[in-house]
Amino acid sequence: MSSAPSVADNPSNESRDPAYFGYYAMLQHQQNMLQDTVRTSTYRSAILLNTECFEDKLIMDVGAGSGILSYFAVQAGAKKVYAVEASEMALKMKKLVKAASLPGGLAKNEFLKDRIEVIQAKIEDSGIKAPKVDTIISEPIGVLLVHERMIESFIYARDTYLKPGGHLFPNKGTMYLAPFTDALLFTETMGKARFWEQTTFHGVDLSPLYPDAKAEMFGMPVVGHFDPKSLLATPTSDTEGYEMDFNTITMKALRDFVVPISWKAQYTGLMHGVAGWFDLTFSGNPDSAASQPIEMSTGPSAEKTHWQQVRFMFREPLAVNAGQSIRGWMHCVVNDMRSYTVDIEVIVGPFGELSDPSQPFEPLLEKQAKQQQQRVSRSEGSEEMEEEEEEVDELQFSRRRGRWELHEQSYNYSYTGSPNDLLTKPEHLCMYEPENVDDAYGGIEFAN
């Protein structure tokens, strides 16, 4: 039996830093983010429409990367921007900033002259010489909001460098979860695992590794855009989601948290897993009438971003009837790979107790196999065996549980959002509407 790391362990990112910062030191990866027009234009609008948080103010840009947010801050009238970037991209940013002071008419971006100080360091480094600032800007976001654990650096900067009453851009992230169906994705994943079922691969029997291959393939979160019509229910807390208020959240709450799940199935079909995405909020100055809040969504119905969405697939689909309740939780705990270990459990219907997410994790299929072995070893027909058989059946048919490492991502780009997708109906995705939407079961009350 394995368990998720305790928040008390506080896994370090140090071992992953060379690869992480090496990745972001490359212009091609910065270009990928800059060309995300939703991301870049949202940040620019949030900054330029809330100039009172920037004009004649001291600003800090955490994880500045290419420096684009620092440049926007200067355009909004910032007095001075302290751009903190740990990777070698800081040198390229310095080159661009220095070009503003070139003599003889050679200057580029002269509006940046003497307005930006580039600091090549991690924000947590004690040697940073920067004052308290009025506003902190950052793009600390990864897949499912929290991947890469940069929000921790954002919060550290808040606690260390933000003046009382200062502002954060963004100031809130909201996570959404929803059940999805995707038979093609499930079949493709099974196909990868079934390679290891071969018994005569060049004279070698690979089949002993098939269970491990299946566990590995289904333990990889699938990143990519998908058809919003494939959702079996509306997202968790559709109006609120799971909010992370960057003004108040603590490191402890960020490193170990549980997202409650509560859905009501809108279709009959097979639930292949749980999908997730997030929204960002830039509230500006909430105490000012001039404030213009800006929001950005990475949901499947929104304009595409480089963050895309993520899906956690079950090794065994779960049958769901329209009108049934689906309840559960998602438990996220930081790991030492600049990411999170994600455990999910769901139960369909009103029966059965949810596991305690704080308890050591045991994969459901392995637990069922263990229980089956115990049943076989007992004498047939005993009352104890009948009780346990009931529990196994309940687990088998109404509950799913799994573990995923958020950094071990696979990718699926089959959904393009083409005009033809507008013609897709639920039944094309093996999702079936109730016979009568207003009176789904002809007056018969269906147990949720």
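The exercises below, each with a worked solution, concern a predicted model.

**Exercise 1.** State how many helices and strands the protein has, and what share of its residues counts as buried.

*Solution.* Begin with the secondary structure, which comes to 11 helices and 16 strands. Then turn to burial: of the 448 residues of the protein, 51% count as buried. The accessible surface of the protein comes to about 21500 Å², and carbon and sulfur atoms account for 51% of that surface.

**Exercise 2.** Work out what share of the contacts between residues at least 6 apart in sequence joins residues at least 24 apart.

*Solution.* Take the contacts in the protein whose residues lie at least 6 apart in sequence; of these, 78% join residues at least 24 apart.

**Exercise 3.** Locate Val-204, and explain why Val-204 can be counted in a nonpolar surface patch.

*Solution.* First, place the residue: Val-204 sits in the loop that runs between α7 (183–194) and α8 (210–218). Next, consider its accessibility: a patch residue needs over 30% relative accessible area, and Val-204 meets this cut-off because its value is 42%, which makes it partly exposed. Finally, name the partners: Phe-195 and Phe-201 form the nonpolar patch together with Val-204, and the three have about 230 Å² of accessible area together.

**Exercise 4.** Determine how many disulfides the whole structure contains, and whether Cys-332 and Cys-430 are buried or partly exposed.

*Solution.* Recall that a disulfide is a covalent bond between the sulfur atoms of two cysteines. A search of the whole structure finds zero disulfides. As for the two cysteines named, Cys-332 is buried, at a relative accessible area of 1%, whereas Cys-430 is partly exposed, at 39%.

Definitions and conventions:
Residues are numbered from 1 along each chain as its sequence is written. This is a predicted model: local features need pLDDT of at least 70, side-chain atom pairs count only at pLDDT 80 or more; totals for chains, interfaces and linings use all residues. Side-chain values use heavy atoms; hydrogens and water are left out. Patches are made of residues with over 30% relative accessible area and no salt bridge: like charges are joined within 9 Å, nonpolar side chains (Val, Leu, Ile, Met, Phe, Trp, Tyr) within 5 Å. Accessible areas come from the Shrake-Rupley method with a 1.4 Å probe; for residues, only the protein chains shown count as cover. A salt bridge is a side-chain nitrogen of Lys or Arg within 4 Å of a carboxyl oxygen of Asp or Glu. Helices (H or I, at least four residues) and strands (E, at least two) are DSSP runs, numbered from the N terminus. Buried means under 20% relative accessible area, exposed over 50%, partly exposed in between (1.4 Å probe, protein chains only). A disulfide is a pair of cysteine sulfur atoms within 2.5 Å. Contact means heavy atoms within 4.5 Å.
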